[in-house]
Amino acid sequence: MPEKGTAGMGRKGNRRGAGSGPSAAGKVAAALPANSAAAGGSAANPAGVAGVESQAENQRQRREQQQILDDITAAEREGGYPAAYAVLERREYELPPKTVSRAHLELAERAKRGAGLQEVKFHLAQALKAQPRAAQVWLETARALEELGELEECRARLERALEMCSPADQICLRLVRVLERLGDMEALRQLVGTMRSEPLERMHKVVLEAVHAEVRAGNGETARLLLQSVLRRMPQQGPVYCEACRVEGILGHWAQALSTAELGVQTCPKYGPLWFTLLKHGEKVFGAKALKDYAHFAIQNICNELHWKIHFEVAAAYSREGALPECRQSIGKAAIACPKHLRWKIWLLAARAELWNGSARACRGLLAQARADAPVRMQVAVCIERARTEEFLGNLAGARIAFGEAHNCEGHDWKVFLEHIFMEARQGCLAAAQETAQCALELHPATGRLWSALVALQHCGEGGARAGMASFRKATQEVAKSGEVWCEGARIFLNPLGEFFDLGRANKCLEFAVHLTPQYGDSFLELLRLRFLMELQLWILSEPLIAGVSEMFLEDAKNQDEVLAVLALALQKVSRRATSELKQRRFTLTVNSTDWDSRSQEERLGQAEYSPQLALERLEVLCSYADPNYGFLWFWCRQSSLATPREVLQQMAEELRRDLLQRGALKTYLWALLRWMLRMGDDLAKRLWEQMAKEQDEEREDEINHSEESQASSAAASSTARPAAASEADFALGAMRLAACMDNHAAPVRLEE
C-alpha cells in the first residue's frame, strides 16, 4: 500500500512539475512559430477559419441527419413503412449524400422488420449510390444482406467494395467471414494471398480470422503454421499471442498454449490480458499453485489497477481446489488492492469459498458485507447470490425473501425473474415457475431468455409438447432473434413422444440457435443429440427389412398387420445392435454434413428433404470457438468451472448413452424415427408401438424361460424387467435425469444433490 501511494504521488508531482516551471513554458513558447499566438484569430489564420467553418458545417449536417431520422420514425409510427419512405422521397433532393445514405440504411432496417426483401435491397442500393466510396456504407449493406441469408449477393457486394474503397481491411475481414460461411475455402485463401504486399500491421486481423477459419474447417496444423509465421513477423503484439494461445487451447494442446503464453509475457510484459491468459492455462496444466508463482511476476509488470484482479484469480483457483487457507490469504490481498466500489465482488468470492467449506454463518456474514459495500445498482446481484445460497442450504423461504428484496432493488431487471424461475423449477414447483415467467414477460416482453424458460416449462408440464409449441410460436413472433427460443423449439421437434417429432425442423431450429446466440451452450448439446438420432436413422435405413417399405405400401389395408410385424422385428434388430454398442461404449458417430444424401432418403422413404448445414463432425471445434457460458443443460453437463467445451460435450454423450439404455428410451426414439420417416398416422403408429411391445415381451419371456439361473433369480428378473415407461416430459430438457429434477410430482431437490 505505501508503494502504491508513493507511485501515485510521484505521478501527480511529475504533472505539477511539467506545467509549473517558467523554463518549461519558455521552451514551449520558443518552439512555436512567430504567428502562433494569433492562431485563434480569424483574420491572421485563414486555415483556422476554414477549420471552424468545416466544423460548423459538420454539426449542421449531423442535425439535419438526426432530424430526418426522427421524422422517419414518427411517420412510421403513424403510417408504417410507406409513410416513412414518403418522408424521404419529399426531401431527398435537398439533403447531402451522407444524410441520404444514412436515411436509406435506416429505411432498409425498417423494411427488414416487415419482411420486405425487395424494399430492403432497393434501399441498400440507393445508399450505395449516394456514397459509393464510403466503406462503412458497404459494410452496413453487407451486414444487412448477411442477416437476410443472401450470402452470395453479400459476397458480390464486398468484392465490389474492395475495388471502390481504401483502406479495405474491415471489408476484407467481413469477406473472409462470408466466404467461410459459404464454404469456399479456396477463395478465402486466395483473398489472403492477395494481401501479401500489404503491411501486416494493418491486415493482421484479417490473417488471424483466416487462421480461425482454417481451424474451424479442420485444418488445425496448417493454421498453427500460419499463426507461428505471424508471431515471427509481429513479436511485440500481445493480442497475437492471445490468439495463438486460444487456437492451441481449442485444438487441445494445453502445454503448447502455456508455452506460447510464457513466451508472450516475456516479450510483452506490460500487456495485461496476456497475463490472465497465462493464469488460465497455468491452472489447467499445473493447478492453483502455479498461479501463485505466475502472479508474483505478473504484479511486478502490469499496472497497479489490475493487481487486485490477479489476487482474485489466484483466490478463485484455490477455492476450486478446496484449499481454504490459501484462498483466504489471496482474498485478503485482493481486498486490500481492490477499489472500494469493486470490493463487493471479493466478498462474493469469499462467501462462496466459505459455503463450500460448510461455514454457512461466515457465508451469510460476507454476503451482508458485500451488500453494504456494493453500489446501489449492484446490490441486486448480491441479493441473487444470497438467494442461491439459501437454496443451496435448503432454506427455500429465505431464498424467496432474497428474491423479493432483489425485486425492490434499484436497477433490477429480467435476470431476477429468470433466477427466480430457475429456483422454482429446480424445486419441482413448475406451476409457481410458470406464474413467475408470465409475470416477468408482462414487464419484459422482448427478453428471449424469459420466453425460452416459459416454453421449457410448458413443455415439461401437463400440456406437453402441444403447450410448448403454442408458447414457441408466440415467442418466435416476439423475439425472432433469440437463439434460446429456437433451441427450445428444437427440443419440441426432438421429443419422440410428442406429435411434432421432426429431425429436419429440429436441425433448422438448431442452425438458427447457433447462428443467433452461439454463447448458449444448450444448442450445441442438442446438436449432439440430433447427431445420435441421425445415426440411428441411418441404421434404420440400412436394415434390409425396411428398405422395401414405402408410405403407399403401408397404407394398403390388406397387409398392414404383416407389414407392421416386419417393421417391429426390424426395429427390434436395430435396438439390439444399438444396445450392444452403447453398453460397450463403441457407438460411433459417422454422420456428417458432406455425405448426407437427402435425395436417396426422399426416394426410399418419401420424407422431406433437408441437409445439415453445420459441420457436425467438427462440432467440438465449433463449440470451442463459441465458448458457451450458460444454459440449463450446459451447467448440468459441466463438471467443473474449468471444464472445456470439448469435455462438456463428452459428458453430454455419456448422458445420452445413459438415457438410451434406460426406461425404453431407445425403443421410443426408434419408433418415433420410423413413424416420422414413413409419415404414419396416429392409428398406424399406435399399432406399431403395440406390435413392438409384443415383440419385446416375447423376447423377454424367451430369455427367462431359457435361463439357467435359479427360480428366485428368474422371479427377480421378471419383477424388474418392466421399468416405468418414459413420459413426454422426460425428453423435454435434453437429459432424462435433468428432466426428473423438474417433475411436477418430484420431491424438492437440493442443489448439492
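Helix H12 covers residues 238-250, and across these 13 residues the first and last C-alpha lie 19 Å apart, close to the 18 Å expected at 1.5 Å a residue, where the expected span is 1.5 Å times one less than the number of residues. Helices here are DSSP runs of H or I with at least four residues, numbered from the N terminus. I should say at once that this is a predicted model, in which local features need pLDDT of at least 70 and side-chain atom pairs count only at pLDDT 80 or more, while totals for chains, interfaces and linings use all residues. Residues are numbered from 1 along each chain as its sequence is written, and side-chain values use heavy atoms, with hydrogens and water left out.

H12 is mostly covered, with 10 of its 13 residues buried, that is, under 20% relative accessible area with a 1.4 Å probe and protein chains only. Among those buried are Tyr241, Cys242, Cys245 and Glu248, and the cover over the buried residues includes helices H10, H11, H13, H14, H33 and H35. After H12 comes Gly252, with a positive phi near 85°.

Let me turn to Asp502, which sits in the loop between helix H26 (483-493) and helix H27 (503-516). Asp502 counts as buried because its relative accessibility is 15%. Its side chain reaches the backbone nitrogen of Arg505 at 3.1 Å, and a polar contact of 3.4 Å (a pair of N or O atoms within 3.5 Å, one able to donate a hydrogen and the other to accept it, with sequence-adjacent residues counting only if both atoms are side-chain atoms) joins the side chains of Asp502 and Trp676. Leaving aside residues up to four places away in sequence, Asp502 touches Phe493 and Trp676, contact meaning heavy atoms within 4.5 Å.

Conventions:
Helix = DSSP H or I, 4+ residues; strand = E, 2+ residues; numbered from the N terminus. Buried < 20%, exposed > 50% of the residue type's maximum accessible area, 1.4 Å probe, protein only.
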